[in-house]
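Me: Please take a close look at one part of this model, the open sheet and the nonpolar core associated with its elements. I would like one connected account of how the strands are arranged and what packs there.

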Amino acid sequence: MNFNFFGKKITSITTILPENESFFDDEIKNYNFPPKKSKILKELMGYNKHCIASKNTLASDFIIEGFSFLFENKIIAPQDIDVLIYITQSPDYIIPQTSTIIQHKTGLKKDILCFDINQGCAGFVQGLFQAFFMLENPCIKKVAIVNSDILSHKVNPKDRNSYPLVGDGGSITIIENSEQKNEIFCFNQTFGENALSISIPAGGFKLPSTDKTAKDFEDEDGNIRSLNNLKMEGASVFSFVQEYVPDMVDSLLKNAGLMKEEIDYFIFHQPNKFMLEKLADKLQIPHQKMPNNIVENFGNGSGITIPLNICFNLKNELNQNHLKICFGGFGVGLTLSGIIMDLESIPSINLITLKDKK
């Protein structure tokens, strides 16, 4: 599905990370795998360190810290936000929705629309879709897209397939209407037949968590996890990305009437270095146009990897320049979401730390 918008801009991006870092070299002993092969895996996948939240930290804590930073530094005021879109797969509660908790704890006005979206890897891009729709209404001036997850709490530390890459954190992105009426090109597809390629089998109403689902087992590849833990079929996800993301990019470019060379950066979700390098090669895009250094520095934080990518890699350029960007989110669902848009200079790009709760 292709659809378009006009005249929307990002005016602020803040990413909030836990202060605790865990290093792959220290974790090797946890895996049922020869250390020598783990070292090879480290180089291939780009594993190094990742940011892990303490067990007492909630996903909403990152957002509360982020809004506090924005308000204290007068980047935005609480009464300015008309819509709060909270995107997570690790909510504080099943009921109520976490966005209402955030609204109260941050002092946002009561005359506000709050809702949660259950989405992961494509969550930032789908949040942009929702913000653009909301801003079509003249009574809405500013939308806050809020991504946050603590999926490390749901990954078994003995699971070599998932634990080395997982990261935690949050991000707050402010979207407004722009006087520049540049066209924004959007794309979305859903492949529900492969939905369980990335899943947490137990914990929902279909299979409630019990002592039995909490019991660890070893899979055919030597990874150890329980049914309460995140399960990712790496080969299936890799094939999905390599097969369908290039088609998404081609569709976006055709819709926009652009060539790949006219895109300044391809800012994509960050599953791992290997997958992004292979994707860039298939798209015939220079690696420097598709930054792939988020997992090695912070881990795969699900919906925050795109805003974190901007904060870490593009801050200096976006303080001064306009850039034509292709965003790409892909994974959980399985879902493909993409956008081509012009980013005006963004004066407020921040990367801050949430101190661990003891």
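Reply: In this predicted model, strands 1 and 9 are antiparallel partners joined by five bridges. Within this part of the chain, F5 faces I184 of strand 9. The two strands belong to an open sheet of five, ordered 1-9-16-15-14, with mixed pairing. Strand 1 (2–6) and strand 14 occupy the edges; each has a single partner strand, so one side of each lacks a neighbour in the sheet. From one strand to the next, the twist averages 20°.

Helix 6 lies across strands 1, 9, 14, 15 and 16, and runs at about 40° to strand 16.

The largest nonpolar core comprises 46 residues, of which V245, F268, L279, M290, F330 and I340 touch the most other members. At least two residues of this core come from each of the following elements: helix 2 (35–45), strand 9 (183–190), helix 6 (234–256), strand 14 (265–268), helix 7 (273–283), strand 15 (323–331) and strand 16 (335–343). Helix 6 contributes the most, nine residues. In soluble globular proteins, nonpolar side chains tend to be buried together.

F268 illustrates the packing in detail. Leaving aside residues up to four places away in sequence, F268 touches V245, V249, L276, L279, L283, M290, I306, N309, C326, F327, G328 and F330. Apart from the largest core lies another core, of 38 residues, including I10, I87, A131 and Y265.

Definitions and conventions. Residues are numbered from 1 along each chain as its sequence is written. This is a predicted model: local features need pLDDT of at least 70, side-chain atom pairs count only at pLDDT 80 or more; totals for chains, interfaces and linings use all residues. Side-chain values use heavy atoms; hydrogens and water are left out. A nonpolar core is a set of buried Ala, Val, Leu, Ile, Met, Phe, Trp, Tyr and Cys residues joined through side-chain atoms within 4.5 Å. Buried means under 20% relative accessible area, exposed over 50%, partly exposed in between (1.4 Å probe, protein chains only). Helices (H or I, at least four residues) and strands (E, at least two) are DSSP runs, numbered from the N terminus. Contact means heavy atoms within 4.5 Å. Two strands pair if DSSP finds at least two bridges between them. Axes are lines fitted to C-alpha atoms, for helices over the stretch in contact, and angles run from 0 to 180 degrees between N-to-C directions.
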